[in-house]
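Good morning, and thank you for joining this meeting. Please have the sequence and the three-dimensional view ready as I speak.

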Amino acid sequence: MGDDVIRITNLRKYYLVGDYIVRALDGINLKIARGDFTAIMGPSGSGKSTLMNMIGCLDSPTSGYVEIDGEVTNAMDEAELAEVRNRKVGFIFQQFNLLSKLSALENVITPMLYSPDRLSGRERRERAEYLLEKVGLKDRMRHRPNELSGGQKQRVAIARALVNDPAILLADEPTGALDSKTGDQIMSLFMSLNEEGRTIVFVTHDLNLGLRCLSQVYIKDGKIEDA
């Protein structure tokens, strides 16, 4: 698997709620190797979503360090964090987060419009078409989200996450809105992407899905527990 693509050192995230301090993350140390397929698991309120936000540069820690593909993110301003999100992390969410007025193809093209890579319109379209075909949607590229099933929407979201060739795919409960059969198909797609060398961080509360990943991280009360 090679070098570490994620390094988290003594990470803490505290919130003040009235007079009470909520320790959402309380001293997390974690390394994820390039090419790994890691499940982050834990009950609701355990801190796994907060940790996902830190890895995805969506939130800043109270203390500690987050390094993503060789870049320490703590001292970055919002513009720099946005650039890391665009270049380094592909996001896949439970509710898909597709733009309803755009076709599947246009949804996949959209992240490339904000990429520093100067691709032509034709190059963007060809790459989006290639990825949609890769995830099994060759015949659904022109359809809008309301014309797609839940599983098809998630496949569009996966293609969109891949389009800027990120170092990490960060999937937050990506099967949570799907029936079990469709969820199993999406999980198999993630496994095939990992076999190609993709680094995937898979946030889930589903133990069965988590155990299908190569490695597991269990979080409870903001701390990593031994498996």
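Let me begin with a question: which residue in S2 stands opposite Ile-6? In this predicted model, the partner of Ile-6 is Ile-32. The two strands concerned are S1, residues 4-17, and S2, which pair in the antiparallel sense over 11 bridges. Together they form a hairpin with 2 residues between the strands, where Gly-18 takes a positive phi near 65°.

Strand S1 also has a second partner to consider. It is joined by 5 bridges to strand S4, residues 63-68, and the two run antiparallel. Here Thr-9 stands opposite Tyr-65 in S4.

Let us return to strand S2, which covers residues 20-33 and includes Asp-26. Is Asp-26 buried or exposed? Asp-26 counts as buried because its relative accessibility is 13%, and buried means under 20%. The side chain of Asp-26 makes a polar contact of 3.2 Å with the side chain of Lys-223. Beyond its neighbours within four places in sequence, Asp-26 is in contact with several residues, including Leu-11, Tyr-14 and Gly-222.

I turn now to the open sheet. It contains 6 strands in the order S6-S7-S8-S3-S9-S10, and the pairing is mixed. At its edges are strand S6, residues 89-93, and strand S10, residues 223-225, each pairing on one side only. On average, neighbouring strands of this sheet are turned by 25° against each other, direction ignored. Helix H2, residues 78-88, packs on the sheet and touches S6 and strand S7. The direction of H2 makes about 80° with that of S6.

Within this sheet, strand S3, residues 37-41, and strand S9, residues 215-220, run parallel and are joined by 4 bridges. Met-41 stands opposite Tyr-218 in S9.

Finally, we come to the nonpolar cores. In soluble globular proteins, nonpolar side chains tend to be buried together. The largest nonpolar core in this model has 37 residues, and those with the most contacts inside it include Ile-92, Leu-132 and Phe-202. Among the elements that give two or more residues to this core are S3, S7, strand S8 and helix H6. Helix H5 provides the largest share, 6 residues.

What does Phe-202 touch, not counting residues up to four places away in sequence? Its contacts include Phe-37, Ala-171, Met-187 and Leu-209. Apart from the largest core lies another, of 28 residues, among them Val-5, Leu-11, Leu-30 and Ile-32. Ile-32 brings us back to the opening question, as the residue opposite Ile-6.

Key
Residues numbered from 1 in each chain as written. Predicted model: local features only at pLDDT ≥ 70, side-chain atom pairs only at ≥ 80, totals over all residues. Heavy atoms only, no water. Pairing = 2+ DSSP bridges. Axes fitted to C-alpha atoms, helices over the stretch in contact; angles between N-to-C directions. Contact = heavy atoms within 4.5 Å. Buried < 20%, exposed > 50% of the residue type's maximum accessible area, 1.4 Å probe, protein only. Polar contact = N/O pair within 3.5 Å; in protein donor to acceptor, adjacent residues only side chain to side chain. Core = buried A, V, L, I, M, F, W, Y, C linked by side-chain atoms within 4.5 Å.
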